Amino acid sequence: MVKRNINIARLRAGYLFPEIARLRREFAELHPDAKIISMGVGNTTEPIMPHIAEGLIEGARRLKYAETYSGYADEGLAELRERISGVYYKNMFGINEIFISDGSKCDIGRLQIMFGSEVKIAVQDPSYPVYVDGSVIAGAAGREKSECETGDCDTSAGYSGIKYLPCTPENKYFPDLSKIENNSIIYFCSPNNPTGAVASKHQLAALVAAALRTGSIIVYDAAYSEYIRDAALPKTIYEIPDAEKCAIEVNSFSKSAGFTGVRLGWSVVPAELRFAEGESVNSDWSRVSATIFNGASNIAQYGGLAALDTEGQNEIREMTGFYLENARLIREALKTLKINCIGGDNSPYIWAHFPGRDSWDVFAELLEKYHIVTTPGSGFGPAGESFIRFSAFGHRAAVKEACMRLISRK
Ligand code: PGU
């Protein structure tokens, strides 16, 4: 028989969010009358706004007629790529440096295939689980703890090939960059999932300097950039000079325009970015994309075009504003309970601290006592222990109800 891929066997548990969905289902079966409120997975709940929805409808309509029908469009509509460059990057990039995707998670997976199994990985700890789990699947995480009992490799944080960079209250959720080893792929997410922390320009400048110094490539995940309201905070890594020499950026319409189910995103792979021997990263990315990806839905891309004109941008602001108001309500409730938390001001996640407690115990308590589903911090990495992530994606009435339960049943 075919042998199982050793890298799949190296994954330590099921993917975090389906695990949580399973626990929720089990609880619901035992307590059929419980009105469970989800503050777990970051999944959008509000309908797509009218102008952007019209863009999607127009995309579908065009497929109905010979004059406007289109088939494969591998790298994405040129107009969409131009508009992304204009709206997000002050036209800093040509269309050949912007690749349309079916979402940033999918592009992260393909980037992991491009980088292969021989690279070293550095991640913020805690972090979006795809950076670590995807690296494990791609074979880049090295050996798992149980394979290293002889002590010949350092797996203190889980895997021999992954460097965890703790982001804790002590370092104000910005990692010690001196821990980054030479020639690493550095995953960096800001606004951060799960902590909600947003890196300042000064901090990102330090990150870019560290990447250039160590010959590393940053994979900068800006999926929540539209949640930034503080004008002093950078929305893209490319606000930092020389980032185009060391960084790829992934982004998405999921959390800004409510496209979690529509599927549309993009990646910026600058022409200047080079591998060790001077080979173009952009060319390799084109090669990988053309081979294992056939482009994003053209319906979705018309939605994306609408999202990027003036009206669409106003709708994105309104939509993200709605979830930010949810976040404010959650923060206020936690404050009333004297629970320390960060995030939620320029991000849809609130990171709440329960010192000395096991994250999964707190998760279970919130579910059993308040019928609220959250995400245990340790699911995002060892430094997430004793934290809980609250997601602000939800209907207003549900968020208010959850806050009321927390406050009144304390
Ligand atoms: N990047 C970050 C940092 C994310 O948090 C998420 C979604 C994505 C990318 C995925 O974006 P797409 O463009 O839609 O692919 N994170 C959610 C959903 C869970 C998941 O598995 O993606 C979350 O709850 O963390």
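User: Looking at where domain 1 meets domain 2, how many residue pairs are in polar contact across that interface?
Analyst: There are 16 residue pairs in polar contact across the interface of domain 1 and domain 2, with both partners at pLDDT 80 or more. Keep in mind that this is a predicted model.

User: Ok. Which elements on the domain 1 side touch domain 2?
Analyst: The ones giving two or more residues are helix 1 (6-9), helix 2 (16-30), helix 11 (310-336), strand 9 (341-343), strand 10 (349-353) and strand 13 (387-391). Helix 11 has the largest share of that side, with nine residues.

User: And how do the residues on that side divide into nonpolar, polar and charged?
Analyst: On the side of domain 1 that touches domain 2 you get 19 nonpolar, 15 polar and five charged residues.

User: Back up a sec, where are the domains in the chain?
Analyst: The domain assignment puts domain 1 at 6-47 + 312-408, in two segments, and domain 2 at 53-308. Their centres, taken over C-alpha atoms, are 24 Å apart. Domain 1 brings 39 residues to the contact and domain 2 brings 49.

User: What area is buried between domain 1 and domain 2?
Analyst: About 3500 Å², and carbon and sulfur atoms give 58% of it. On the domain 1 side, Arg 10, Arg 12 and Asn 346 supply 19% of the area buried against domain 2, more than any other three residues.

User: Arg 12, hmm. Which side chain does Arg 12 meet in a salt bridge?
Analyst: That would be Glu 144, at 3.1 Å, N to O. Arg 12 falls in the 6-47 part of domain 1, while Glu 144 falls in domain 2. The count between the two domains is one salt bridge.

User: Why would those two side chains pair up?
Analyst: Side chains of opposite charge can pair when their charged atoms come close.

User: How many salt bridges does the count come to by this rule?
Analyst: The count comes to 19 salt bridges. One of them joins the side chains of Arg 22 and Glu 19, again 3.1 Å from N to O. Both residues lie in helix 2, three residues apart, which is about one turn of the helix.

User: Switching to the ligand. Which residues are closest to it?
Analyst: Tyr 15, Gly 42, Tyr 128, Tyr 224 and Ser 254 are the closest, out of 20 residues that surround the ligand.

User: What is the distance from a ligand oxygen to an N or O atom in the Tyr 15 side chain?
Analyst: It's 2.6 Å for the Tyr 15 side chain. For Tyr 128, an N or O atom of the side chain is 2.5 Å from an oxygen atom of the ligand. The side chain of Arg 389 also has an N or O atom 2.8 Å from a ligand oxygen. Arg 389 is within the range of strand 13 (387-391), one of the elements on the side of domain 1 that touches domain 2.

User: New topic, backbone oddities. Which peptide bond ending at Pro 191 is cis?
Analyst: The one from Ser 190 to Pro 191, with omega near -10°. Pro 191 sits in the loop between strand 5 (184-189) and helix 7 (201-214). A cis peptide bond also joins Asn 193 and Pro 194, with omega about 15°. Pro 194 is in the loop between strand 5 and helix 7 too.

User: And what is phi of Lys 338 near?
Analyst: Near 60°, a positive value in a residue other than glycine. Lys 338 is in the loop between helix 11 and strand 9.

User: Why point those out?
Analyst: Because most residues other than glycine have a negative phi, and most peptide bonds are trans.

Key: Residues are numbered from 1 along each chain as its sequence is written. This is a predicted model: local features need pLDDT of at least 70, side-chain atom pairs count only at pLDDT 80 or more; totals for chains, interfaces and linings use all residues. Side-chain values use heavy atoms; hydrogens and water are left out. Domain bounds come from an automatic or database domain assignment. Contact means heavy atoms within 4.5 Å. Buried area is the accessible area (1.4 Å probe) that two parts lose on being put together, summed over both. A salt bridge is a side-chain nitrogen of Lys or Arg within 4 Å of a carboxyl oxygen of Asp or Glu. A polar contact is a pair of N or O atoms within 3.5 Å; within protein, one must be able to donate a hydrogen and the other to accept it, and residues adjacent in sequence count only if both atoms are side-chain atoms. Helices (H or I, at least four residues) and strands (E, at least two) are DSSP runs, numbered from the N terminus. Ala, Val, Leu, Ile, Met, Phe, Trp, Tyr, Cys and Pro count as nonpolar, Asp, Glu, Lys and Arg as charged, and the others, Gly among them, as polar. A residue is near a molecule or strand if one of its heavy atoms lies within 4 Å of it.
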